[in-house]
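Reader: I have just opened this structure and would like to learn how to read it. Could you walk me through a few features?

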Amino acid sequence: LGAILYLIQAVIFAHIRLPNLDEGSYLYKGYLLATGAYSPFQPYGPWINKMYLSFFIWGWVQMLFAPGLLAPRYFAVFLSVLALLGVWIVSRRMGNRWLASIAVWVLALNPALISKYSTATAQVLIICMVTWVLVLSLAEERPLWQIVASAILAALMVLTRENMVFIIPPLIL
């Protein structure tokens with residue numbers, strides 16, 4: 001029920017939230033990069049002030065589905081619900097079903113967070129990646145393929161936002 005409430009709110013926010021400068025930058029620059037109309041460090045092109053993957057992902061979503069605002073926002077909703085599933089899995093693994101349910105409800109009852117994760121920005125990419133790095137790496141006796149997948153996802157996370165490099169040392173420990 002908490003996940004359904006979260007999803008309903010996320011879809012509503014995806015439709016009613018006004019775009020901001022960050023979201024427009026990710027979408028426009030990402031589309032230019034994904035279509036090949038612009039390459040990084042091209043003279044007289046837009047300034048790339050973040051890691052490339054944070055732009056490319058939104059550009060690929062627009063190329064795959066449709067240019068504009070709605071397709072990337074629906075993808076952001078999908079990623080945030082996927083992150084919610086990851087939170088439930090980690091909480092259940094580290095605690096129990098009740099703790100996992102509480103974690104889902106805490107997120108489902110936080111409209112500010114849902115609103116932020118319903119837009120096409122790097123934050124929703126990172127929260128999904130962090131959650132699934134934890135899903136794949138936390139717990140005893142993880143299979144090798146999950147550890148490798150977690151390491152690859154952690155590397156992609158750093159290529160999406162450079163400040164996520166600080167996640168790597170605790171993950172190794």
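Author: Happily; we will look at a salt bridge, two buried residues and a loop. Keep in mind that this is a predicted model.

Reader: Let's begin with charged pairs. How many salt bridges does the structure hold?

Author: To find one, look for a side-chain nitrogen of Lys or Arg within 4 Å of a carboxyl oxygen of Asp or Glu. Here the structure holds one salt bridge. Glu23 pairs with Arg73, and their closest N and O atoms are 2.7 Å apart. The pair links distant parts of the chain, since Glu23 is in helix 2 (residues 21-35) and Arg73 is in helix 4 (residues 70-94), 50 residues apart.

Reader: Is Glu23 buried or exposed? And what about Arg73, buried or exposed?

Author: The cut-off to remember is that buried means under 20% relative accessible area. Glu23 has 0% relative accessibility, so Glu23 counts as buried. Arg73 is buried as well, because its relative accessible area is 1%.

Reader: Now a helix residue, please. Where is Val135 found, and which residues is Val135 in contact with, leaving aside its neighbours within four places in sequence?

Author: Val135 is found in helix 7. With a relative accessibility of 5%, Val135 counts as buried. Setting aside neighbours within four places in sequence, Val135 is in contact with Gly86, Ile89, Val90, Arg93 and Arg142. You can also compare positions along the chain and in space: Val135 and Ile48 are 87 residues apart in sequence, and their C-alpha atoms are 31 Å apart.

Reader: What would Ser115 show me if I read it in that way?

Author: Ser115 is found in helix 6, which covers residues 111-116. Its relative accessibility is 11%, so Ser115 counts as buried. Beyond neighbours within four places in sequence, Ser115 is in contact with Phe13 and Arg17.

Reader: Let's finish with backbone angles. What is the phi of Ala139, and what is the phi of Glu141?

Author: Check the sign of the angle and the residue type together. Ala139 has a positive phi of about 120 degrees, although Ala139 is not a glycine. Glu141 is not a glycine either, and has a positive phi of about 55 degrees.

Reader: Where does Ala139 lie, and where is the place of Glu141?

Author: Ala139 lies in the loop between helix 7 (122-137) and helix 8 (144-160). Glu141 has its place in the loop between helix 7 and helix 8. Ala139 is partly exposed, with a relative accessible area of 31%, whereas Glu141 is exposed at 75%.

Terms used: Residues are numbered from 1 along each chain as its sequence is written. This is a predicted model: local features need pLDDT of at least 70, side-chain atom pairs count only at pLDDT 80 or more; totals for chains, interfaces and linings use all residues. Side-chain values use heavy atoms; hydrogens and water are left out. Helices (H or I, at least four residues) and strands (E, at least two) are DSSP runs, numbered from the N terminus. Buried means under 20% relative accessible area, exposed over 50%, partly exposed in between (1.4 Å probe, protein chains only). Contact means heavy atoms within 4.5 Å.
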